[in-house]
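Please read these notes with the structure open beside them. They go from the whole chain down to single residues.

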Amino acid sequence: IPVELRARMGNRVFGCDVCQDVCPYTLAAQPVHDPDFAPASVENAFPSLERLVTMTQAEFYETYSGTAIIRAKRAGMARNAAIALGNSADPRAEPILTRMLHEHDEPIARGHAAWALNHLTEGGSRELLRHAELRETDAYVMQEIRSALAA
């Protein structure tokens, strides 16, 4: 996701709700309470951002198989959750993003965690980012870390 769009995403991690809000075809639709369209659980409808960044591949498929979220894939949802955490202004997000930057198996998620950590701490995470840069082997993630350090 381009850097210039990340802050504008706010806390959104999946766009279906936005699409439904702005789609001219759904504006005329009447609400229907159909159990077939109900989420399997509250956690499915409103997942915690921490859970989205820590899910294993198996947990992701078990939780979201048969839903539109599967299209975003686990890496995409983790990336989006990192952005939402970075935009949250919640200091409890810092250790989640730090762990994600160091441990997540998907480079796209680690790269976006670098941006999110820097954005959340308003530049106060430079030492953490420098440490991550020394350990990182993926070129994309290194680029994101350097971009965050330069911001």
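The points below cover the overall fold, one helix and its rings, the core, a helix pair and some backbone angles.

1. Basis of the notes. This is a predicted model, in which local features need pLDDT of at least 70 and side-chain atom pairs count only at pLDDT 80 or more, while totals for chains, interfaces and linings use all residues. Residues are numbered from 1 along each chain as its sequence is written, and side-chain values use heavy atoms, with hydrogens and water left out.

2. Overall fold. The protein chain has 11 helices and zero strands. Helices (H or I, at least four residues) and strands (E, at least two) are DSSP runs, numbered from the N terminus. The C-alpha trace spans about 55 × 30 × 25 Å along its principal axes. Of the 151 residues, 34% count as buried; buried means under 20% relative accessible area, exposed over 50%, and partly exposed in between (1.4 Å probe, protein chains only). Among the contacts (heavy atoms within 4.5 Å) with a separation of 6 or more, 63% are accounted for by residues 24 or more positions apart.

3. Aromatic rings. The structure holds two aromatic pairs. Rings of Phe, Tyr and Trp (its six-membered ring) pair if their centres lie within 6.5 Å; planes under 30 degrees apart count as stacked, over 60 as edge-to-face and the rest as tilted. Phenylalanine 60 and tyrosine 61 are edge-to-face, at 5.6 Å centre to centre and 85 degrees between the planes. Phenylalanine 60 also pairs with tyrosine 64; this pair is tilted, at 5.3 Å centre to centre and 50 degrees between the planes. Ring pairs thus link Phe60, Tyr61 and Tyr64 into a cluster.

4. Burial of the rings. Which of these residues are buried, and which is partly exposed? Phenylalanine 60 is buried, with a relative accessible area of 1%, and tyrosine 64 is buried at 2%. Tyrosine 61, at 35%, is partly exposed. Phenylalanine 60 and tyrosine 64 both lie in helix H6 (residues 57–64), four residues apart, about one turn of the helix. An α-helix has 3.6 residues a turn, so residues three or four places apart point the same way.

5. The two sides of H6. Phe60, Thr63 and Tyr64 are buried in H6. Seen down the axis of H6, its buried residues fall within an arc of 75 degrees (taken from the directions from the helix axis to the C-beta atoms), so they line one face of the helix. They pack against helix H4 (42–45), helix H5 (49–54) and helix H7 (73–87). The face turned away from the buried side carries the exposed residues Ala58 and Glu62.

6. Helix H8 and the core. In helix H8 (residues 93–103), the buried residues are Ala93, Ile96, Leu97, Thr98, Met100 and Leu101. They pack against H5, H7, helix H9 (107–120), helix H10 (126–135) and helix H11 (139–150). A nonpolar core is a set of buried Ala, Val, Leu, Ile, Met, Phe, Trp, Tyr and Cys residues joined through side-chain atoms within 4.5 Å. Of the 32 residues in the largest such core, Leu52, Leu97, Met100, Leu101, Leu129 and Ile145 touch the most other members. H5, H6, H7, H8, H9, H10 and H11 each supply at least two residues of this core. Not counting residues up to four places away in sequence, leucine 101 touches eight named residues, including Arg110, Leu117, Leu129 and Ile145.

7. H9 against H11. How do the axes of H9 and H11 cross? They come within 8 Å and cross at roughly 5 degrees; axes are lines fitted to C-alpha atoms, for helices over the stretch in contact, and angles run from 0 to 180 degrees between N-to-C directions. H9 and H11 are therefore roughly parallel to each other. Angles under 35 degrees count as roughly parallel, over 145 as roughly antiparallel, 65 to 115 as roughly perpendicular and the rest as oblique. Residues making the contact include Pro107, His112 and Trp115 of H9 and Tyr140, Glu144 and Ala148 of H11.

8. Positive phi angles. Most residues other than glycine have a negative phi. Lysine 73 has a positive phi, near 65 degrees, and is placed in helix H7. Glutamate 122 is not a glycine either, yet has a positive phi of about 50 degrees. Glutamate 122 sits in the loop between H9 and H10 and is exposed, at 74% relative accessibility. Glycine 66, just after H6, takes a positive phi of about 85 degrees.
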